[in-house]
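Got your viewer open? Let's take a walk through this protein, one selection at a time.

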Amino acid sequence: MSGLGNSEVTVVAGETSPCTVTLHDKFTVTFDSNGGTGTMPSQVFTYGTSQSLSENLFTKDGSTFQGWATSIHSDPVYNNASINVFEKTDVTLYAKWSTDGFVFVEGATITGAAPNSEVFIDGRTVTISNFYICDHEVTQEEYSQYGGVYKNDTPSGGGDYPAYYVSWTAALEYCNTRSEAEGLTPCYVVNGNNSTCNFEANGYRLLTEVEWEYAARGGNGLTGTQYMYSGSDTLADVGWCDNTIYETKKLSPNILGMYDMSGNVEEWCWDSNDSGERCVRGGSSKMNRSYMCTVYYHLYMSYTASSNRNGFRIVRTAK
């Protein structure tokens, strides 16, 4: 029995043979903070099982945890994982940190319903690819930096307040302009309501409605607690809904580190309905209606609509 390494040996008596030896390959996952602080115990897995990685316990001042990577210099691969990707060998996973406000969201295939959802429903299978999502709504400072001209309602203006009075097409133009400025490939050919999106491009874009609800609900295959609002069943914990627009990131985030996905300003998504209206999500403080701030409520508006309700959040497809 020499040379079995981390294998487990089970001896089973049988009628046709004296014994049968079954090998269950074991391997160890060790976690590296990659410049962060804290400790995490290693985990031992059986190859081929479906066991999730431990929740991240590391922290890093001024940084957001994005996920785990198999080397210091590679992109994050997952937040949790099906263990057979490790190919029967011990592995070190490195925490990946972001200081630019973008968080890695591991995709998943969702089969079945989420509470009250019109996206994740029984009889439908939805596959979501990995993406990077901004942890905050695009701010007025960011919007003006890339050519956007915003209006605001005093005192809800300037700096870290979300950009609003933004139409759907203006949001697409911002995404393209910022992509070009950062040397990325723009996603959009902007042509009013006939605009097209290249989801394979590495530039900035709006979320799809599926991506938006998945992130608002906390991602991770929707295996976590499913709250009414993004991160809580109490709106006041995570979102503004009192007829006033506030600075971003002043309340608690959800489990992914997303701020203001409930309330503050409504967020344009890519999707349209049969009438050609475009989807908005998250509700607006200006509407002062809490049911609109739930993770499952959606609304459609003209792509030209531009009011003190309308803002947006951006993502990038993860390669």
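How many salt bridges does the structure hold? There are nine of them. Keep in mind as we go that this is a predicted model.

**Stop 1: the salt bridges**

Start by selecting R281 and E209. Their side chains meet in a salt bridge, with N and O 3.0 Å apart. R281 belongs to strand β15 and E209 to helix α3, so this pair ties together parts that sit 72 residues apart in sequence. Both R281 and E209 are buried.

Now keep R281 and add E213. Here is another salt bridge, at 2.7 Å from N to O. This pair also links distant parts of the chain, since R281 is in strand β15 and E213 is in helix α3, 68 residues away. How buried are these two? R281 has a relative accessible area of 1%, and E213 comes in at 0%, so E213 counts as buried.

For a change of scene, select K250 and E247. They form a salt bridge too, with their closest N and O atoms 4.0 Å apart. K250 has 53% relative accessibility, so it counts as exposed, while E247, at 29%, counts as partly exposed. Before leaving, show E209, E213, R217 and R281 together: salt bridges with shared partners join these residues into one network.

**Stop 2: the sheet around β15**

Stay with β15 and bring up its neighbours. You should see an open sheet of four strands in the order β16-β15-β14-β17, with mixed pairing. The edge strands are β16 (298–301) and β17 (310–311), each of which pairs on one side only. Next, colour β14 and β15 (residues 278–281): they pair in the antiparallel sense over three bridges. Click on W268 and look across to β15, where V280 stands opposite.

**Stop 3: aromatic pairs**

How many aromatic pairs does a search of the whole structure find? It finds 15. Select F27 and F45 as one example: their ring centres are 5.8 Å apart and their planes are at 35°, so the pair is tilted. F27 lies in strand β3 (residues 26–32) and F45 in strand β4 (residues 43–46), so the pair ties together parts 18 residues apart in sequence. Buried or exposed? Both F27 and F45 are buried.

Move on to Y143 and Y174, an aromatic pair that is tilted as well, at 5.7 Å centre to centre and 35° between the planes. Y143 is in helix α1 (residues 140–145) and Y174 is in helix α2 (residues 168–181), so this pair ties together parts 31 residues apart in sequence. Y143 and Y174 are both buried. Add Y146 and F312 to your selection, and you have a cluster: ring pairs link Y143, Y146, Y174 and F312.

**Stop 4: charges over a ring**

Zoom in on Y204. The charged end of R178 sits over the Y204 ring, 4.7 Å from its centre. Now show R316, which lies over the face of Y204 at 5.8 Å from the ring centre.

**Stop 5: two backbone spots**

Finally, select N220, in the loop between α3 (209–216) and α4 (235–238). Its phi is near 50°, a positive value in a residue other than glycine. N220 is partly exposed, with a relative accessible area of 22%.

Then jump to D260, in the loop between α4 and β14 (266–272). D260 has a positive phi of about 60°, although it is not a glycine. At 2% relative accessibility, D260 counts as buried.

Terms used:
Residues are numbered from 1 along each chain as its sequence is written. This is a predicted model: local features need pLDDT of at least 70, side-chain atom pairs count only at pLDDT 80 or more; totals for chains, interfaces and linings use all residues. Side-chain values use heavy atoms; hydrogens and water are left out. Rings of Phe, Tyr and Trp (its six-membered ring) pair if their centres lie within 6.5 Å; planes under 30 degrees apart count as stacked, over 60 as edge-to-face and the rest as tilted. Buried means under 20% relative accessible area, exposed over 50%, partly exposed in between (1.4 Å probe, protein chains only). A charge sits over a ring if NZ of Lys or CZ of Arg is within 6 Å of the ring centre and within 35 degrees of the ring normal. Two strands pair if DSSP finds at least two bridges between them.
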